[in-house]
Amino acid sequence: MPDLKTFRPGGARVVAYAVAVLMLGITAVISWALPDEIYFTTAETITMWLIIIAVLIMLHGVARSYVRATDEGVEVLNGYKKHLVRWDDIEGFAMNSGAPWPTLVTKDDERVNLFGIQGSDGKYARTAVEYLRGRLES
């Protein structure tokens, strides 16, 4: 049976989706509350929706981030960019006090931020980093 563990942001994920729902709700309320004399041109409407969609895509990128430890290595999804680093290529994991997220350090001294583990999640983040360090040592 493969040893697989996935870590996802807690508070950042909740905030991202809550802001998305709030933003869409406020947009709907404002659009219905405007008097008939106030209207937007087609270009203004398209621009507004493009901005809203761009913000929603960014919020979803934050919320979908994860760090997955597999038998082969560590799979990291930061927003829309995926990294797969084999255990043999990993030097260690750094998580300084007050850091927003830990960093995976490769033996080539490349660094990959682990957005899926948020420092603001406190004990959950520390436990995740300890788990990853333990897997690296085994």
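Reader: Accessible areas here come from the Shrake-Rupley method with a 1.4 Å probe. So what does the accessible surface of the protein come to?
Author: About 8900 Å². Carbon and sulfur atoms account for 61% of that surface. Keep in mind that this is a predicted model.

Reader: Noted. What share of the residues counts as buried?
Author: The share is 34%, out of 138 residues.

Reader: And the overall dimensions? What box do the C-alpha atoms fill?
Author: Roughly 70 × 30 × 25 Å, along the principal axes. The radius of gyration is 20 Å. A compact globule of 138 residues would be near 14 Å.

Reader: How many helices and strands are there?
Author: Three helices and seven strands.

Reader: In what order do they run from the N terminus?
Author: One strand, then two helices, then six strands, then a helix.

Reader: What about contacts? Of those between residues at least 6 apart in sequence, what percentage joins residues at least 24 apart?
Author: In this protein, 52%.

Reader: Let's zoom in on β2. Which residues point which way?
Author: Strand β2 covers residues 66-69. Tyr66 and Arg68 point one way, and Val67 and Ala69 point the other way.

Reader: Why that pattern?
Author: Because side chains in a regular strand alternate between the two faces of the sheet.

Reader: Are those β2 residues buried or exposed?
Author: All of them are buried, Arg68 included.

Reader: Which residues stand across from Arg68?
Author: Thr6 is its bridge partner on the β1 side. In β3, Glu75 stands opposite Arg68.

Reader: How many bridges join β1 to β2?
Author: Three, and the two strands run antiparallel. Strand β1 spans residues 5-7.

Reader: And how many between β2 and β3?
Author: Four, again in the antiparallel sense. Ala69 faces Val74 across that pairing. A hairpin of three residues links β2 to β3.

Reader: Moving on to β3. How many of its residues are buried?
Author: Six of the six, so β3 is largely enclosed by the rest of the structure. The strand runs over residues 73-78.

Reader: How many bridges pair β3 with β4?
Author: Six, and the pairing is antiparallel. Strand β4 takes in residues 81-86. One of the facing pairs is Leu77 with Lys82 in β4.

Reader: What sits in the hairpin of β3 and β4?
Author: Two residues lie between the strands. Gly79 takes a positive phi there, near 65 degrees.

Reader: New topic: Lys5. Where does it lie?
Author: In strand β1.

Reader: What is its relative accessible area?
Author: For Lys5 the value is 38%. Partly exposed means between 20% and 50%, so Lys5 is partly exposed.

Reader: What is Lys5 in contact with, leaving aside neighbours within four places in sequence?
Author: Val67, Arg68, Ala69 and Tyr131. Val67, Arg68 and Ala69 belong to β2.

Reader: How far is Lys5 from Thr106?
Author: Their C-alpha atoms are separated by 20 Å. Along the chain, Lys5 and Thr106 are 101 residues apart.

Reader: Last one, on charges. How many positive and negative ones are there?
Author: There are 14 positive and 16 negative charges. The mean positions of the two sets are 6 Å apart.

Terms used: Residues are numbered from 1 along each chain as its sequence is written. This is a predicted model: local features need pLDDT of at least 70, side-chain atom pairs count only at pLDDT 80 or more; totals for chains, interfaces and linings use all residues. Side-chain values use heavy atoms; hydrogens and water are left out. Buried means under 20% relative accessible area, exposed over 50%, partly exposed in between (1.4 Å probe, protein chains only). Two strands pair if DSSP finds at least two bridges between them. The radius of gyration is taken over C-alpha atoms; the globule rule is 2.2 Å times the number of residues to the power 0.38. Contact means heavy atoms within 4.5 Å. Lys and Arg count as positive and Asp and Glu as negative; His and the chain ends are not counted. The place of a charge is taken as NZ of Lys, CZ of Arg, CG of Asp or CD of Glu.
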